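Let's take a friendly walk through this structure, from single salt bridges to the contact between chains. Please keep the sequence and the 3D view open as you read.

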Amino acid sequence: MIPGVDGFMYPNEVELQWSVLIVLYPYITGLVAGAFILASLERVFNVAAVRPTYRLALLTALAFLLVAPLPLQLHLGHPERSLEMYLTPHTSSAMAMFGFVYLWYLTVVLLLEIWLEYRTEIVGLAQSTRGLKRWIYRALTLGSYDVSPAARRMDEKVGYAVTVIGVPSAFLLHGYVGFIFGSVKANPWWSTPLMPVVFLFSAMVSGIAAVMVLYVVCMKLRKTAIDMRCLDTIARYLFYTFVIDFTLEMLDLIHRTYESDESFRSLDFMVHTRLLFSHVILQIFLGTLVPLFLLAANQLWRYTEGTRKAMYMTAGALTLVGIFAMRWNVVIGGQLFSKSFLGYTSYKMQLASREGLVAAVLLMILPFVIFFVLVKLLPPWQGGKAHEA
Amino acid sequence: MVVRRLFRDSAHLVRPALVLVACMALFLVVRSAIIPKAFGQYGHYRPGALDLVRQHPIAFAGQDTCVMCHDDQATVRAAGKHAHVACEACHGPLAQHADDPAAHVPKLPDVADLCRRCHEKDAAKPRNFPQVATAEHSSGMACNTCHQPHNPHL
């Protein structure tokens, strides 16, 4: 008997090949896509109430996007080899194509949009600061100090166009992550065309929840009043997106149950045993039903400001845990059962190894460090007036 | 007039475009410098990789080489069910032994471990493939006490 294995496993299934780092990768990418979608609400869909979080959402997306490939590179062991996909890309490789989607999203969408949004401040700071900071801001101006009203109007138009392009790009970025799993036809836990769509909506849910929590925490730290109209609006959009996400996940579940193909008994057993805590308790109950209830209650009844804040924060935090559990259940769950459907293995996370808990925790802290630096460099607080549609 | 104003107001947008173009140009230069010239000649790989593979020391002598000296064992094996199992599948890579039999004398494989690699009972194996639960079957006795490995009849 092999420890941790029940029933029959093929030899190459006993040890999991994709570790907690591969759980982090879709989680972080999802936060990027979701945060950007929230930013686009104000810019493209004219939801002026969420303006206070527009810049915060962009900086959140950038901080997480810069970290997104790191879990994969750490998992590879030879991070330098990841550059091969840019140098000699193979068109049949989804991973290689993702490299270009990532670069497109980073440079043409996110960096450009942030630059256009912050140009007035960057030019001002390039003229008012001293020393190293002055050089940094001067470099960020790219040599252009024209912030005349006419030039800013042009920025507005181009920024709008970039956001319009950015929305499908964000969809592509995270839809791809779902595609990577959904296209593994040998694995019935992953192989469903719904996977990219489910990933996309769960990304939107996690990104919106992350920005909502970050906004409240930042305001608390700065001892500044929270714009309740903004918070209520974000919570409302979080609720809408969550309803769609939950519906899609349930659709997938009902479809699997009704179809009951040869893998169903095995997967069903796994959900009721090894994945009971992470799937049923964490993902479905604590991470979905409880936040959905809290958000729905706010749509039906009126609460005091303090109660609303507490409810939103609880819903946001639980949502983030729930979406992480969803990524965990997809990545780790998909490797726990044998393709013979006759046995199950278990995942024992290492502690201080290249793919262990410490590495995962550090990788989750890193975006917040980058976010802190970005906020110091490009303060999102003096957001100015809403964008003209 | 309108066009001139449009150019003036959007002049600053040329700069990020130039940065992007410069980065792309740099990437193309680095790419052409790094990628081996013959890349893709035979497929999506570097032809020089084939030479590198060829430089690896040869580990396996090959069936024909073994039979040149051990034809008695080869004859026994050819009559049994292991006829299509290559010598080095059980005895390990022996190119060095073939080059200099006196200097490199191979050890006999540990049958207790060797046989069960293929014949341990396993639900995933075809039903007609000979397989036993070794712990119950032999009670620790070496397989070749009863079975002849080169022609495994009783």
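## Salt bridges within helices of chain B

R54(B) and D51(B) are three residues apart in helix 3 (residues 48–55) of chain B, so about one helical turn separates them. Please keep in mind that this is a predicted model. The two residues form a salt bridge, and their closest N and O atoms are 2.6 Å apart. R54(B) is exposed, with a relative accessible area of 62%, whereas D51(B) is partly exposed at 40%.

You can find a second pair of this kind in helix 8 (residues 111–119) of chain B, where R116(B) and D113(B) are three residues apart and thus separated by about one helical turn. Their side chains meet in a salt bridge with an N to O distance of 3.7 Å. Here R116(B) counts as partly exposed at 41% relative accessibility, and D113(B) also counts as partly exposed, at 34%.

## Salt bridges in chain A

Over all chains, a search of the whole structure finds 18 salt bridges. One of them joins D232(A) to R308(A), with the closest N and O atoms 2.8 Å apart. What does this pair tie together? D232(A) lies in helix 9 of chain A and R308(A) in helix 12 (residues 305–331) of chain A, so the salt bridge links parts that are 76 residues apart in sequence. Are the two partners buried or exposed? D232(A) counts as buried, at 16% relative accessibility, and R308(A) counts as buried too, at 8%.

Chain A also holds a network of salt bridges, in which E42(A), R43(A), R51(A), R55(A), E117(A), E121(A) and E156(A) are linked.

## Two buried residues in chain A helices

D252(A) is found in helix 9 (residues 228–259) of chain A. At 16% relative accessibility, D252(A) counts as buried, because the cut-off for buried is under 20%. Leaving aside residues up to four places away in sequence, D252(A) touches T192(A) and L194(A). If you look at the backbone, the C-alpha atoms of D252(A) and V198(A) are separated by 8.8 Å, while the two residues are 54 residues apart along the chain.

H279(A) sits in helix 11 (residues 276–300) of chain A. With a relative accessible area of 11%, H279(A) is buried. Which residues does H279(A) touch, not counting those up to four places away in sequence? The partners are W189(A), V271(A), I284(A) and N329(A).

## Positive phi angles

Most residues other than glycine have a negative phi. Two residues are worth a look with that in mind. L142(A) is not a glycine, and yet its phi is positive, at about 60°. You will find L142(A) in the loop between helix 6 (131–141) and helix 7 of chain A. L142(A) is partly exposed, with a relative accessible area of 27%.

In chain B, S139(B) has a positive phi of about 50° although S139(B) is not a glycine. The place of S139(B) is the segment after helix 9 (134–137) of chain B. S139(B) counts as exposed, at 61% relative accessibility.

## Where the chains meet

How many residues of each chain are in contact with the other? On one side there are 22 residues of chain A, and on the other 18 residues of chain B. About 1,600 Å² of area is buried between chain A and chain B, and carbon and sulfur atoms give 76% of that area. Across this interface the rule finds zero salt bridges, while six residue pairs are in polar contact, with both residues at pLDDT 80 or more.

Which elements of chain A give two or more residues to the side that touches chain B? They are helix 4 (84–87), helix 5 (94–128) and helix 7 (149–182) of chain A. Helix 5 of chain A provides the largest share, six residues. By residue type, this side of chain A divides into 14 nonpolar, five polar and three charged residues.

## The domains of chain B

Chain B is divided into domain 1 (2–55) and domain 2 (63–145). Taken over C-alpha atoms, the centres of domain 1 of chain B and domain 2 of chain B are separated by 54 Å.

Notes:
Residues numbered from 1 in each chain as written. Chains lettered and ligands numbered in written order. Predicted model: local features only at pLDDT ≥ 70, side-chain atom pairs only at ≥ 80, totals over all residues. Heavy atoms only, no water. Domains from an automatic or database assignment. Contact = heavy atoms within 4.5 Å. Buried area = accessible area lost by both parts, 1.4 Å probe. Salt bridge = Lys/Arg side-chain N within 4 Å of Asp/Glu carboxyl O. Polar contact = N/O pair within 3.5 Å; in protein donor to acceptor, adjacent residues only side chain to side chain. Helix = DSSP H or I, 4+ residues; strand = E, 2+ residues; numbered from the N terminus. Nonpolar A, V, L, I, M, F, W, Y, C, P; charged D, E, K, R; others polar. Buried < 20%, exposed > 50% of the residue type's maximum accessible area, 1.4 Å probe, protein only.
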